[in-house]
Amino acid sequence: MYDCIIIGMGPAGLTAGVYAARKNLSVLMLGKQYGGQAVLTSEIENYMGFEYIKGPELMNRFEEQVKKYPVEMSREEVNNIYQEDSYFRIVCEDEKEYQSNTIIIATGESPRRLGIPGEKRFTGQGVSYCATCDAPLFSGKKAAVIGSGNDSIEAVHDLIKIAEHVYLISPEKLSADRILVDKVNKADNLTRLIGWTINKISGENMVNEITLQSSEQDEKQSLYIDGIFIKSGTIPNSSIVKDMLELNQNNEIKVDCNCTTSIPGIFAAGDVTNIPEKQIIVAAGEGAKAALSANKYLLKQNNTDIPTGIETSHNIFGYNQLPMH
């Protein structure tokens, strides 16, 4: 029986692991994809403490910090969660079971698919959702990126440095941060196609053509390319609790300011929740809050007074107290 089981190994889950362990809770962390969406981010310039760092490097630093504490980690996918009388039972894909007094759901989000002909068939054969992973495969080739947000512009930024030509396709006006758009606007090998959508991906063994449809008029065109990066947003990974916890209209887990869900003892943090602004630093902060809330819940369940004021090892701000002079 664990004090806390954390489901998810992204910024929220890893931070929750550190904070829970610092409260001397017995912690197990479960998840299939280490690092979450953050590990797919090529350049991070807005995480405090780092003027510039790559996503995989930042997540490696998260992991190194978690390993300094007695947090058990297991690469397993959770299939079901059951609420028993006084604890929770977690069943993984191999039918292995774990028990815990509290749970923190930090399963993040996954790339949203377009659902068009050819997308599924050519996934991994020219269709990609991760520029950080696959951009080097298109050195000297032609590639397209579909999307309007920050992640699509980041993909374009990765590609224009190595590809022969890059097409940025967006059905609507770009919504990415201006500082990112300015980085790619002057590239000689970039064509912007705003007001267009993709309705078909074609090829033989690999992608070699995409069909575009104008959003404003009955006009079509084809582009002969070697690959396409789909950046059409994300969907929350909330399916394991869809029949258990209260979700909003976007299938995000509804939480309050303490990361509390509709079931006492289950907390949620990060991109899988209804907290606005899906940013790494926000997810990490929510993970810390969820762990602290889980600890307070356990203290109340054990009829123990919750300590207040400055703790013996660190103060309420989470760092060692310096001597006063």
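Lys and Arg count as positive and Asp and Glu as negative, whereas His and the chain ends are left uncounted. The place of a charge is taken as NZ of Lys, CZ of Arg, CG of Asp or CD of Glu.

The model is predicted: local features need pLDDT of at least 70, side-chain atom pairs count only at pLDDT 80 or more, and totals for chains, interfaces and linings use all residues. Residues are numbered from 1 along each chain as its sequence is written, and side-chain values use heavy atoms, with hydrogens and water left out.

**Exercise 1.** State how many positive and negative side chains the protein has, and how far apart the centres of the two sets lie.

*Solution.* Count each set: the protein has 31 positive and 42 negative side chains. Then compare the centres of the two sets, which lie 2 Å apart.

**Exercise 2.** Determine how many disulfides (pairs of cysteine sulfur atoms within 2.5 Å) a search of the whole structure finds.

*Solution.* The search gives 0 disulfides. Take Cys4: its nearest cysteine sulfur belongs to Cys259 and is 12 Å away, and Cys4 is in no disulfide. Next take Cys259: the closest cysteine sulfur, in Cys257, is 8.5 Å away, which is too far for a bond.

**Exercise 3.** Classify Cys4 and Cys259 as buried or exposed, and give the buried percentage for the protein.

*Solution.* Buried means under 20% relative accessible area, exposed over 50%, and partly exposed in between (1.4 Å probe, protein chains only). Cys4 has 0% relative accessibility and therefore counts as buried. Cys259, at 0% relative accessibility, also counts as buried. Finally, buried residues make up 50% of the 325 residues in the protein.
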